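User: I am new to this structure and would like a close look at one part of it, the place where the two chains meet. Please take me through it step by step.

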Protein chains: 2
Amino acid sequence: AVLLGCGGVGRAVLRIATSGAETSAFSFLAVLDSSGGIICDGDVALVKAVLAHKEAGHSLASFTGHGKQGLPKDDVVAQIKAQSLKFAVIDTTAADTVEELVSFGASAVVLANKKPAADASAENYKKLVSAATFRHESTVGAGTPILATVRRLRAGLDNPTRIEGCMSGTLGFVCSGLDTGKPLSEVVREAKALGYTEPDPRDDLSGTDVQRKALILARSCGLDHLEMKDVPVEPLYPPSMGPENMDVDAFMANLGSLDTDMASRVAAAKERGEVLRYCGTVDVAAGKASVGLVAVKSDSPLGRLQGADNMFVIHSSIYAERPLVLQGAGAGNECTAIGVLADLKEVI
Amino acid sequence: AVLLGCGGVGRAVLRIATSGAETSAFSFLAVLDSSGGIICDGDVALVKAVLAHKEAGHSLASFTGHGKQGLPKDDVVAQIKAQSLKFAVIDTTAADTVEELVSFGASAVVLANKKPAADASAENYKKLVSAATFRHESTVGAGTPILATVRRLRAGLDNPTRIEGCMSGTLGFVCSGLDTGKPLSEVVREAKALGYTEPDPRDDLSGTDVQRKALILARSCGLDHLEMKDVPVEPLYPPSMGPENMDVDAFMANLGSLDTDMASRVAAAKERGEVLRYCGTVDVAAGKASVGLVAVKSDSPLGRLQGADNMFVIHSSIYAERPLVLQGAGAGNECTAIGVLADLKEVI
């Protein structure tokens with residue numbers, strides 16, 4: 001495989017793939033970061049040295065050792081193409097690079113990066129999916145095998161009709177806190193203090209990450225005409241408190257102004273025996289997807305979900321009354337890397 | 001594919017694979033039941049006619065139509081082998097036929113039948129697994145993708161360390177009933193009346209079915225040296241009430257004698273905030289598997305499980321503190337058939 005990106009997820013991929021092995025189940029032709037790349041030609045010792053170099057905080061352009069040195073990206077790509085090998089490209093970057101991914105001419109594409117699967121237009125998405133065998137498990141549920149399960153159901157000719165998912169650990173933590181009667185401002189401050197949110201909590205509270213995941217899930221269910229703009233999203237703060245109107249400190253200071261409204265929504269749900277969950281919903285039958293707070297029965301699988309785990313509830317013609325439910329960690333470099341390697345194993 | 005067995009699951013496989021289609025994603029070379037078989041050569045209309053013939057209660061030996069007629073099994077097998085095609089064999093029978101499965105010389109074997117995967121000796125099991133690409137999702141969780149998930153984790157180099165599973169809908173129903181304080185005899189009578197048990201409820205209460213599933217799961221985790229005798233099982237009735245000592249009516253009449261003991265176990269668990277669940281447990285690290293009633297925290301995933309759904313809780317080095325949890329229907333011809341077709345799609 002050719003690995004693009006050598007950040008937290010990319011390094012976990014290399015670490016797990018080469019752990020304790022002189023040989024490996026996975027062979028890396030090349031590893032690239034934003035500075036350049038190394039042709040590895042499947043040399044496990046070299047891959048380990050590249051990993052150590054990155055772990056030490058250096059860029060690949062400055063790598064020397066094992067008779068190899070960092071090369072400009074274009075040179076790496078040209079050398080790989082010249083070999084006319086069958087290989088997979090793994091994208092663990094945060095770049096929006098459908099054209100580049102397709103340009104490799106790889107026989108398979110494996111994504112941990114959500115952008116080529118979500119921010120890409122429907123047209124570019126279809127180009128990506130049709131150009132090579134396509135796997136992208138880790139873009140939605142990290143290691144929780146939601147896309148693999150959808151693929152199995154569709155392969156078995158039982159198309160999902162509706163999927164509801166809590167697919168943000170951060171917003172799961174927030175909703176669990178709201179369940180206990182805490183004010184929104186308090187649970188967001190808690191989540192921020194614990195490092196569960198991005199440095200600007202609005203990156204989570206905006207719902208954009210869930211919107212990306214819901215779109216990817218929708219496209220994997222066959223709704224490949226949908227674009228980000230077709231997936232309505234409910235941010236947990238008003239536009240007046242958005243990044244263009246105030247900085248993070250001001251946002252945190254103003255959070256309390258949202259407490260009363262949220263508390264009354266929580267209380268109204270509670271009266272009906274329900275709790276609020278921040279869900280991505282794919283209604284395959286109606287050809288739609290949406291993202292926002294929904295009230296679910298307290299004693300339903302989504303209602304019982306606590307903390308930062310992800311959960312997916314899958315309905316299909318056969319799983320109509322009793323849905324399939326998957327629950328697992330939704331984040332973490334290791335979980336994500338396992339999903340990437342499992343995908344890779346399927347396509348090599 | 002060549003389909004062995006044309007009972008509830010086998011017919012659901014044919015029905016779903018050919019539903020509404022003049023062409024099909026799946027091509028059937030031949031369909032066999034215990035009486036004989038039909039060479040179908042991928043003719044969808046013929047497969048539909050064979051299905052209708054079976055739905056009407058006839059055996060395949062008596063089939064005529066579409067220029068084909070029922071043949072003895074040996075003739076069907078000889079004709080398939082003479083074509084030297086690459087094909088998969090699907091076993092939906094209840095026969096114990098590892099040798100026969102291997103003898104087809106198929107490139108892949110897909111099982112809904114538990115016996116070749118469980119009752120087979122470790123040696124025969126290994127023969128089966130190594131002779132062809134092997135898939136057997138539906139032997140454990142019907143359509144719940146437990147084996148596919150284990151395979152993904154192992155492919156991603158994250159071996160499961162421990163799996164706990166409620167994998168009997170019948171015993172799940174019984175345990176849910178016990179939770180509410182009902183006597184064992186009452187919940188078993190209820191389950192029998194609703195048709196949730198086999199005609200002789202001891203076929204469920206013996207735990208043998210769960211023992212098979214736990215063994216298959218253990219073998220799929222790499223414990224392929226284990227045999228049925230290595231998996232201790234706790235039946236929910238004493239040997240004195242076994243089939244060799246009394247008939248079904250006598251067993252049902254005597255059920256009440258088990259109520260006091262069970263009620264005190266339920267009460268003892270409740271005092272600790274626990275409930276009883278009938279689990280198969282695979283301890284991969286210790287190389288062991290076992291089957292029986294275990295007490296689990298009421299607010300754990302297994303503790304919250306209600307009714308006849310299956311649930312699997314998977315721990316691995318990466319899913320250590322927060323396990324992966326899968327929940328879904330554990331039985332049903334359609335769910336089982338979807339699992340079979342999804343397996344088949346992966347290997348053809």
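In what sense do β13(A) and strand β13 of chain B pair, and over how many bridges?

Analyst: This is a predicted model, and what follows is computed from it. The two strands, β13(A) and β13 (residues 324-329) of chain B, pair in the antiparallel sense, and three bridges join them. At one of these positions a residue meets its own copy: L326(A) has L326(B) in β13(B) as its bridge partner. In general, the strands of a sheet pair through backbone hydrogen bonds, in either a parallel or an antiparallel way.

This pairing belongs to a sheet that runs through both chains. The sheet is open, has 10 strands and is paired in the antiparallel sense, in the order β11(A)-β10(A)-β9(A)-β12(A)-β13(A)-β13(B)-β12(B)-β9(B)-β10(B)-β11(B). At its edges are β11 (288-297) of chain A and β11 (288-297) of chain B, each of which pairs on one side only. On average, neighbouring strands in this sheet are turned by 20 degrees against each other, direction ignored. A helix of chain A, α9 (residues 169-179), packs on the sheet and touches β10 (274-283), β11 and β12 (309-316) of chain A. The direction of α9 makes about 150 degrees with that of β10(A).

The order of the strands reads alike from either end, and the relation between the chains fits this. A turn of 180 degrees, with a shift of 0.0 Å along the axis, lays chain A on chain B with an RMSD of 0.0 Å. This is the relation of a two-fold axis. L326(A), already met as a bridge partner of L326(B), is the residue of chain A that comes closest to the rotation axis, with its C-alpha at 2.4 Å. Both copies use the same surface, since 100% of the contact residues of chain A recur in chain B.

The contact extends beyond the two paired strands. In total, 38 residues of chain A are in contact with 38 residues of chain B. The area buried between the chains is about 3,100 Å², and carbon and sulfur atoms give 61% of that area. In chain A, the residues that lose the most area to chain B are R152(A), R322(A) and I338(A), together 22% of what that side buries.

R322(A) also takes part in a charged pair: its side chain meets that of D309(B) in a salt bridge, at 2.7 Å from N to O. Between chain A and chain B the count is six salt bridges. Across the same interface, 12 residue pairs are in polar contact, both residues being at pLDDT 80 or more.

Several elements of chain A each supply at least two residues of the side that touches chain B: α1 (8-18), α8 (146-155), β13 (324-329) and α16 (333-347). Of the elements of chain A, α16(A) gives the most to that side, with nine residues. The part you asked about therefore joins a strand pairing, β13(A) with β13(B), to a two-fold relation between the chains.

Terms used:
Residues numbered from 1 in each chain as written. Chains lettered and ligands numbered in written order. Predicted model: local features only at pLDDT ≥ 70, side-chain atom pairs only at ≥ 80, totals over all residues. Heavy atoms only, no water. Least-squares fit on C-alpha atoms with pLDDT ≥ 70 in both. Contact = heavy atoms within 4.5 Å. Buried area = accessible area lost by both parts, 1.4 Å probe. Salt bridge = Lys/Arg side-chain N within 4 Å of Asp/Glu carboxyl O. Polar contact = N/O pair within 3.5 Å; in protein donor to acceptor, adjacent residues only side chain to side chain. Helix = DSSP H or I, 4+ residues; strand = E, 2+ residues; numbered from the N terminus. Pairing = 2+ DSSP bridges. Axes fitted to C-alpha atoms, helices over the stretch in contact; angles between N-to-C directions.
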